[in-house]
Amino acid sequence: METKLTKLLEIEYPIIQGAMAWVSDGQLAAGVSKAGGAGTIAASGRSVEWVKDQIRFVKERTDKPFGVNVMLMADNHEEIIDLVCSEKLDYVTLGAGNPIPYLEKLHRAGIKAIPVVPNTKLAKRVEDNGADALVIEGMEAGGHIGKLTTMALMTQVIPQIDIPVIAAGGFVDKRGLAAALAMGAAGIQMGTRFYASRECTAKLAVKEKIIESIDTDTVVTGRTSSHSVRGIRNKMSDKYLKLEREGATKKELNELAMGSSRAAPQEGDIDWGFIQAGQSLGEIKNILSCKSIIQEIVEGSQEIISDIHNKFV
Ligand SMILES: Cc1cc2nc3c(=O)[nH]c(=O)nc-3n(C[C@H](O)[C@H](O)[C@H](O)COP(=O)(O)O)c2cc1C
C-alpha cells in the first residue's frame, strides 16, 4: 500500500506506532517495524542510556525504519536529540513543546522530523518551517491530549497542508485506516491498539484491562491545569478528579499522580497506576501480534476501499 507517508519513511504500510511513555520500548518498536509499519521508542521519562539501549536493541533485530519520540518538556530532551542525531535514526516525532528550533539539526543529521500538533495554526507553522510530515492527534487519543477531535482535525488541517498528514486518536481497525485515507490523510498513528499487542512488554493485567474496557471507560485528568491526560478510569483517576473538582492545589494533584503512568504498564498496578488509553477501546478485543494487527487493518481497509460502491446498494 503506497501513500505519501510510506514513500517518505520507506515503509510498507501507512501505519505508525505512536510513542507511549513507559510502554513503547525497543521490543514493541521492532515488532511494528518488522511487520511493515513504523515503530517508535518513547523517550519520555527515560534516561539517555535507556534510549540508546533501546535503539541498539531495534537495530540488532531489524534494518527496517524506526524512530524515537522526544517530548520537548523533558529535562533531557536536548541530550536525547543529540543521541538520535548521532544514531542516525529514520525519523523523530516531537511533542509537548516547540519543535521548530530542532528541525534543522535533525535534517542535518539526515533524520525526518515529524511534529505532533493539536490544531491548524501549529500544523501550518511546522510545515512552513520545514517539517517532513506531521501528526494531528485528536482528543480521542490516549495520553496527553489537545481540545479538538480527530475528525475536526482531519477536516480542517488536511486541506491546508502539503506534507504528509498522519491522523491519530481513536484508530484501531480497518475502517479507521480506510476513513483516514478517504479524508486525505497519508496514514494513521495508533497507540492503544499496539499497547494490547503481543510484543508490548507492559504487564498482562494492563493489557487485559484494555481488552475488557468499553467506549465509555476513559476519563481525562488534569483539565484544570491544561495538562489533560486520557486513560482508563480507576481508583486513582476517581480520586484525582474528585480532588480537581474540590479545587485541590497543583502540588496535591501531582503527589497523587506521581509515577502513576509508569506504575500501570511497568508494575501492573491497575488501581493506582494510570492506564493511558484512547476512547476506541470497545473494538480492541484481543492481544495480537503487531504483524496480525497491521495485516488485518491494511488488508481490510483495501477491501473496504475497493468495495465501497457495493456498500451503498
Ligand atoms: C500509554 C500511552 C502513552 C503515550 N505517551 C506518549 C508520548 O510519550 N509521546 C507522545 O507524543 N505521545 C504519546 N501518546 C500518544 C500516542 O503516541 C498516540 O498518538 C495515541 O495513542 C493515538 O491515539 P490512540 O491511543 O487512540 O491510538 C501516548 C499514548 C498512550 C496510549
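**Reasoning about the ligand shell, a pocket and the fold**

By class, the 20 residues around the ligand comprise eight nonpolar, 11 polar and one charged. The model discussed here is predicted.

Q: Which residues come nearest to the ligand?
A: They are A19, E137, G170, G191 and T192, out of the 20 residues around the ligand.

Q: What makes the pair formed by A21 and the ligand a polar contact?
A: A polar contact requires a pair of N or O atoms within 3.5 Å. A backbone N or O atom of A21 lies 2.9 Å from a nitrogen atom of the ligand, so the pair meets the definition.

Q: What makes the pair formed by N69 and the ligand a polar contact?
A: Here a polar side-chain atom of N69 lies 2.9 Å from a nitrogen atom of the ligand. The cut-off is 3.5 Å, and therefore this pair also counts.

Q: How do you know that G191 makes a polar contact with the ligand?
A: A polar backbone atom of G191 is 2.8 Å from an oxygen atom of the ligand. This value is within 3.5 Å, so the contact is counted.

Q: How much of the ligand does the protein bury?
A: Taken alone, the ligand exposes 600 Å², and the protein buries 96% of that.

Q: Which elements give two or more residues to the shell around the ligand?
A: These elements are strand β3 (66–71), strand β9 (187–190) and helix α9 (192–195).

Q: Which helix gives the most to the lining of the second largest pocket?
A: Helix α14 (residues 290–307) does, with four residues. The pocket holds about 240 Å³ of space, and its lining includes D173, K174, R193 and E283.

Q: What makes six residues of this lining charged?
A: Asp, Glu, Lys and Arg count as charged. The lining contains D173, K174, R193, E283, K285 and E296, and therefore six charged residues stand beside four nonpolar and two polar ones.

Q: Why is the protein chain called as compact as a globular protein of its length?
A: The chain has 14 helices and 11 strands. Its radius of gyration is 18 Å, close to the 20 Å that the globule rule gives for 313 residues, so the description applies. The C-alpha atoms fill a box of roughly 55 × 50 × 40 Å along the principal axes.

How values were computed:
Residues numbered from 1 in each chain as written. Predicted model: local features only at pLDDT ≥ 70, side-chain atom pairs only at ≥ 80, totals over all residues. Heavy atoms only, no water. Near = heavy atom within 4 Å. Polar contact = N/O pair within 3.5 Å; in protein donor to acceptor, adjacent residues only side chain to side chain. Areas by Shrake-Rupley, 256 points an atom, 1.4 Å probe, with all protein chains shown as cover. 1 Å grid on protein atoms, 1.4 Å probe; cavity = no way out; pocket = protein on both sides within 12 Å on 5 of 7 lines; lining within 4 Å. Points joined across faces, edges and corners; volume = space filled by probe spheres on them. Rg over C-alpha atoms; globule rule 2.2 N^0.38 Å.
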